[in-house]
Amino acid sequence: MIDESRAALPAHGVPAERVLAEIRELRGADRPTHGGRLFAYVYDAGVAGLEELAAAAYAESAHVNGLDPTAFPSLLAMENALVGAAARLLGGGPGTSAPEAVGSVTSGGTESLILAVKAARDARPEIDTPRIVVPASAHAAFAKAAHYLRVELDTVPLDPATLRPAVADVAAAIRPETVLVVCSAPSYAHGVIDPVEQIAQVAAEAGVRCHVDACFGGWTLPYLRRLGVPVPPFDFTVDGVTSISVDLHKYAYAPKGVSVLLHRDPGLRTPQYFGYADWPGYTMVNPVLSSTRSGGPIAAAYATLRHLGDDGYLELTDRTWAAVRALADAVRGVDGLRLVAEPESTVVCLTSTDPALDLFVLVDELTARGWHTQPQLGYAGLPRSVHLTVTAAVTPRVAEFGPALTDAAAAARTHGPVVMPPHLLALAGSLTPEALTPELVAGLADGLGLAGQAGPPDRMAVVNTLLDAAPVRLRERLLVEFVGLLQRPTW
């Protein structure tokens with residue numbers, strides 16, 4: 001039976017105010033996107049009026065279509081301005097070592113990375129089995145790109161002390177079939193900057209493109225350098241860097257989803273395009289994956305950059321860096337916790353040194369106190385950890401975090417580590433992805449208390465512990481199945 005109170009297509013239309021009220025009610029279950037207590041997924045500048053400006057700009061261009069720039073020159077002008085701003089910030093444009101830098105606006109970092117891989121692949125059509133070399137810390141979107149584009153992924157392990165790949169290992173991984181070498185500035189998980197200069201050099205010596213994934217840090221690292229923070233070279237000032245990605249919906253504080261993919265020169269960008277004329281309809285020419293593109297996100301990003309300006313971003317970065325240092329001090333002040341890496345950008349990553357202090361329980365205790373963090377599973381000898389993405393909006397709340405972290409750690413110790421039923425642990429250790437039947441998934445969900453759950457559970461420590469115990473490929477399949485349990489139609 002259809003529940004008309006929540007049907008997206010009711011038998012009779014619903015008044016506008018009621019629809020908006022329903023959306024606000026649904027939003028009440030979400031994590032708070034403002035207020036400086038959410039350390040993942042959203043980026044809040046904490047600037048009064050900025051969200052309203054972006055929303056108004058979005059509305060002005062929401063129905064403009066980026067499919068044909070000759071029909072909507074306003075969108076072309078704004079997109080070119082955004083690309084120019086990103087290029088100037090990252091060492092490109094007139095008077096630089098990359099004076100002809102060009103780029104495209106995409107829907108987000110994943111699309112930017114997929115297109116960087118596509119451009120590198122399609123530039124070498126003579127290679128039957130193209131490959132890309134990535135550090136183990138590279139964003140998972142590169143694996144997604146390799147999967148979608150049928151490119152082989154060669155992963156370079158990390159030094160457990162530096163959390164970076166060894167340059168010699170990167171060089172050794174390059175083969176005649178390699179079309180792209182990747183480095184991060186910084187890596188998302190731990191916030192450390194790869195040795196871009198050295199990696200770009202070995203890529204150039206091999207005649208291979210080098211992409212710098214600066215989706216996360218590209219809009220803050222240049223400002224951190226201006227503030228006196230030691231930031232190693234990572235952008236177009238580095239010879240051998242052929243492309244860079246930077247997300248404007250992260251630290252440029254634009255609404256979702258806007259990213260920029262830059263290339264050192266137009267020739268490098270050409271294979272990114274898709275053109276097709278072998279049909280009776282309009283000739284299709286797309287610089288990005290989508291054809292139809294709403295102008296809303298581009299206009300919102302343009303308004304955000306214009307309103308904040310260079311001096312505004314410098315001040316926001318200064319505030320964010322102050323928050324990073326204070327949060328790092330808060331971690332150092334709790335017995336049994338340590339920083340995984342000294343902060344180099346806008347990430348604070350912590351782990352536990354005390355077996356009695358279960359990190360996954362700590363995350364749940366912080367959530368119960370209104371602080372929303374991101375747990376990260378153990379990987380290849382690296383410990384499980386907690387990731388904090390720090391934004392300017394965190395600064396006013398920093399003084400509250402230290403006591404909350406201390407209190408949550410004490411509560412986690414009182415609670416004790418998660419104890420999984422032995423049969424579930426044994427199953428996680430021995431099961432293969434291929435053997436994961438719907439019945440097994442249902443049994444695991446029931447054992448974890450997820451059966452019949454209408455939404456995500458309030459506490460995730462048990463789920464994370466099971467995933468942490470599972471081999472990587474089984475983790476992937478379990479996550480797919482668990483998310484599938486949540487994504488069911490509403491009738």
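Ile244 has Leu262 of strand 7 as its bridge partner. Strand 6 and strand 7 run antiparallel and are joined by 5 bridges. Strands here are DSSP runs of E with at least two residues, and helices are runs of H or I with at least four, numbered from the N terminus. Two strands pair if DSSP finds at least two bridges between them.

This is a predicted model: local features need pLDDT of at least 70, side-chain atom pairs count only at pLDDT 80 or more, and totals for chains, interfaces and linings use all residues. Residues are numbered from 1 along each chain as its sequence is written, and side-chain values use heavy atoms, without hydrogens and water.

Strand 7 (residues 259–263) also pairs with strand 1, antiparallel, over 5 bridges. The partners across strand 1 and strand 7 include these.

| Residue | Partner in strand 7 |
|---|---|
| Gly103 | Leu262 |
| Ser104 | Leu261 |

The open sheet has 7 strands in the order 1-7-6-5-4-2-3, with mixed pairing. Its edges are strand 1 (102–106) and strand 3 (152–156), each paired on one side only. The twist averages 20° from one strand to the next.

Of the 5 residues of strand 7, 5 are buried, so the strand is largely enclosed by the rest of the structure. Buried means under 20% relative accessible area, with a 1.4 Å probe and protein chains only. Ser259, Leu261 and His263 lie on one side, Val260 and Leu262 on the other.

Helix 3 (residues 73–89) lies across strand 1, strand 6 (243–247) and strand 7, at about 115° to strand 1. Helix 4 (residues 109–122) lies across strands including strand 7, at about 25° to strand 7. Axes are lines fitted to C-alpha atoms, for helices over the stretch in contact (heavy atoms within 4.5 Å). Angles run from 0 to 180 degrees between N-to-C directions.

Conventions:
Buried means under 20% relative accessible area, exposed over 50%, partly exposed in between (1.4 Å probe, protein chains only).
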